[in-house]
Amino acid sequence: MAELGSKGVTAGKIASNVQKKLTRAQEKVLQKLGKADETKDEQFEQCVQNFNKQLSEGTRLQKDLRTYLASVKAMHEASKKLTECLQEVYEPDWPGRDDTNKIAENNDLLWTDFHQKLVDQALLTMDTYLGQFPDIKSRIAKRGRKLVDYDSARHHFEALQTAKKKDETKIAKAEEELVKAQKVFEEMNVDLQEELPSLWNSRVGFYVNTFQSIAGLEENFHKEMSKLNQNLHDVLLGLDKQYSGNAFPVKAQPRKKTKLFARLRKKMSSDSTPAKANKSPSPPPDGSPITSPETKTVNHELEPSTLEAPGASIPKSPSQPAEAAHAGAEAAGSEAAAGAEASKTEADSGSSSLPAVVVETFPATVNGTVEGGASSERADMPPGFLFKVQAMHDYTATDTDELQLKAGDVVLVIPFENPEEQDEGWLMGVKESDWIQHKELDQCRGVFPENFTERVQ
């Protein structure tokens with residue numbers, strides 16, 4: 001007992017606290033069972049809900065702000081290593097070496113200053129804002145306990161008053177305890193009723209101040225960093241001019257898949273070999289007349305079935321007249337007409353006597369409307385037009401299915417008919433100038449490396 005007394009805690013105080021806890025627990029049980037009424041204050045409960053929400057939002061904001069600062073620190077370290085690498089590879093005899101060293105130094109100082117200002121103007125303010133919540137939360141909890149004490153004292157006093165055998169001494173003592181409990185509760189309740197709404201309203205100004213500070217610091221940081229980047233760009237431009245003969249070539253991404261047009265060309269070459277050996281086909285042994293092979297009508301692309309016909313050659317004839325295409329369509333109904341038209345096609349195409357595949361084009365449609373009559377901007381575009389790109393560098397085609405590009409060329413991008421034929425980093429398209437002049441996809445389209453271009457529409 002002496003030990004307890006030396007610490008300012010007496011046995012009587014401990015017994016009193018234990019008794020209070022037992023009384024509160026008993027009162028809560030009675031209230032939950034509905035055997036005792038509970039003092040309700042809906043306005044205060046709403047304030048408590050707002051307080052908890054405000055605390056939750058503030059805690060999350062503090063956590064995300066710390067994450068943001070950690071990211072800034074990581075970016076600082078990454079930027080520092082990158083500029084150090086530049087300093088190491090920048091040889092002493094190159095022009096602008098001193099400038100690159102100064103830029104690297106200023107870059108490091110700028111990141112350090114940005115991080116420190118974020119800590120001072122955002123994080124510390126955030127910590128101060130959240131620092132007031134623990135005390136208020138503790139007082140809310142204490143108010144709840146004092147409310148239970150008040151209800152318990154009130155119920156005890158009412159029970160003594162309604163008892164059949166009244167004890168005035170006990171009633172007087174119970175009344176005294178009730179008045180005391182009520183006073184303690186009301187003092188705490190009044191203070192919190194004033195503080196909680198004020199704290200809730202303060203959140204608006206705090207959020208405004210915090211995010212304005214962050215936005216302003218970011219704006220200034222990026223302005224200064226932009227100046228440093230421009231200075232670095234100018235230094236490297238001077239280096240590039242001095243060593244312009246050693247320009248680094250932009251390379252296209254390798255094409256890994258089998259090229260569609262290369263496969264078609266190989267097929268065409270192997271199929272046309274026996275036909276070229278005998279330009280004037282002899283009549284069949286049974287004396288039946290020679291008839292042209294079945295004419296296939298395709299739209300913009302050769303059908304796979306056409307390639308599989310034995311002995312067939314598939315030349316592309318840009319100069320083939322429209323009459324040949326027309327006659328090819330009618331050949332299915334008349335063998336004689338088809339034979340005559342095949343001869344005419346052979347004569348028009350020059351030296352080739354091989355049966356031709358008629359490429360008949362149809363007007364493309366956009367949303368069900370024929371392009372020729374459409375007034376929309378896409379009416380003059382090739383079928384399936386996706387978007388425009390502009391070549392940023394010259395590209396020399398390495399295969400017949402690729403487009404030859406000059407810097408400034410505009411290309412109309414179209415989809416691959418078979419998506420599986422598309423290599424990563426490559427697009428299908430037709431140069432705008434070729435499309436305007438010929439309006440023919442089969443003769444003009446090809447693939448090109450995407451990294452040589454940038455999208456313009």
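Two strands are taken to pair if DSSP finds at least two bridges between them. On that basis, five strands of this predicted model form an open sheet in the order S6-S5-S4-S3-S7. The pairing is antiparallel. The edge strands are S6 and S7, each of which pairs on one side only. From one strand to the next, the twist averages 50°. In general, strands of a sheet pair through backbone hydrogen bonds, in either a parallel or an antiparallel sense.

The sheet can be followed strand by strand from the S6 edge. Strand S6 covers residues 446–449 and pairs with S5 in the antiparallel sense over four bridges. Within this pairing, Gly446 of S6 is the bridge partner of Gly429. On the next step, S5 is joined to strand S4 (residues 410–414) by four bridges. S4 and S5 run antiparallel. Here Gly429 of S5 is the bridge partner of Val413. Gly429 thus recurs in both registers, with Val413 as a partner and with Gly446 as a partner.

Strand S4 also pairs with S3 in the antiparallel sense, over four bridges. Val413 appears again at this step, as the bridge partner in S4 of Phe387. Strand S3 (residues 387–391) is mostly covered, with four of its five residues buried. The sheet ends with strand S7 (residues 453–455), which pairs with S3 over three bridges in the antiparallel sense. At this edge, Arg455 in S7 stands opposite Val389.

Burial was examined for strand S5 in particular. The strand spans residues 426–431, and six of its six residues are buried, so S5 is largely enclosed by the rest of the structure. Its side chains divide between two directions. Trp426, Met428 and Val430 point one way from S5. Leu427, Gly429 and Lys431 point the other way. All of these residues are buried, on either side of the strand.

The helical part of the model was described through three packed pairs. Two packed helices are described by the angle between their axes and the distance between the axes. Helix H3 (residues 42–89) packs with helix H4 (residues 97–131) at an angle of about 170°. Their axes are 10 Å apart. Because angles over 145 degrees count as roughly antiparallel, H3 is roughly antiparallel to H4. The contact of H3 with H4 comprises 17 nonpolar, twelve polar and six charged residues.

Helix H4 also packs with H6, at an angle of about 175° and with the axes 10 Å apart. H4 and H6 are therefore roughly antiparallel to each other. Their contact has 17 nonpolar, nine polar and five charged residues.

The third pair joins H6 to H5. Helix H5 (residues 133–162) and helix H6 (residues 168–242) pack at an angle of about 150°, with their axes 8 Å apart. That angle makes H5 roughly antiparallel to H6. The crossing of H5 and H6 is left-handed. By class, this contact has 18 nonpolar, four polar and eleven charged residues.

One residue of helix H3 was considered individually. Asn50 lies in H3. Its relative accessibility is 17%, and Asn50 therefore counts as buried, the cut-off being under 20%. The C-alpha atom of Asn50 is separated by 8.3 Å from that of Leu196. Along the chain, Asn50 and Leu196 are 146 residues apart.

Cysteines were also inspected. A disulfide is a covalent bond between the sulfur atoms of two cysteines. The structure holds zero disulfides. Cys85 has a relative accessible area of 40% and is partly exposed. Cys444, at 8% relative accessibility, counts as buried.

Key:
Residues are numbered from 1 along each chain as its sequence is written. This is a predicted model: local features need pLDDT of at least 70, side-chain atom pairs count only at pLDDT 80 or more; totals for chains, interfaces and linings use all residues. Side-chain values use heavy atoms; hydrogens and water are left out. Buried means under 20% relative accessible area, exposed over 50%, partly exposed in between (1.4 Å probe, protein chains only). Axes are lines fitted to C-alpha atoms, for helices over the stretch in contact, and angles run from 0 to 180 degrees between N-to-C directions. Angles under 35 degrees count as roughly parallel, over 145 as roughly antiparallel, 65 to 115 as roughly perpendicular and the rest as oblique. A crossing is left-handed if the near helix is turned anticlockwise from the far one by less than a right angle, and right-handed if clockwise. Ala, Val, Leu, Ile, Met, Phe, Trp, Tyr, Cys and Pro count as nonpolar, Asp, Glu, Lys and Arg as charged, and the others, Gly among them, as polar. A disulfide is a pair of cysteine sulfur atoms within 2.5 Å.
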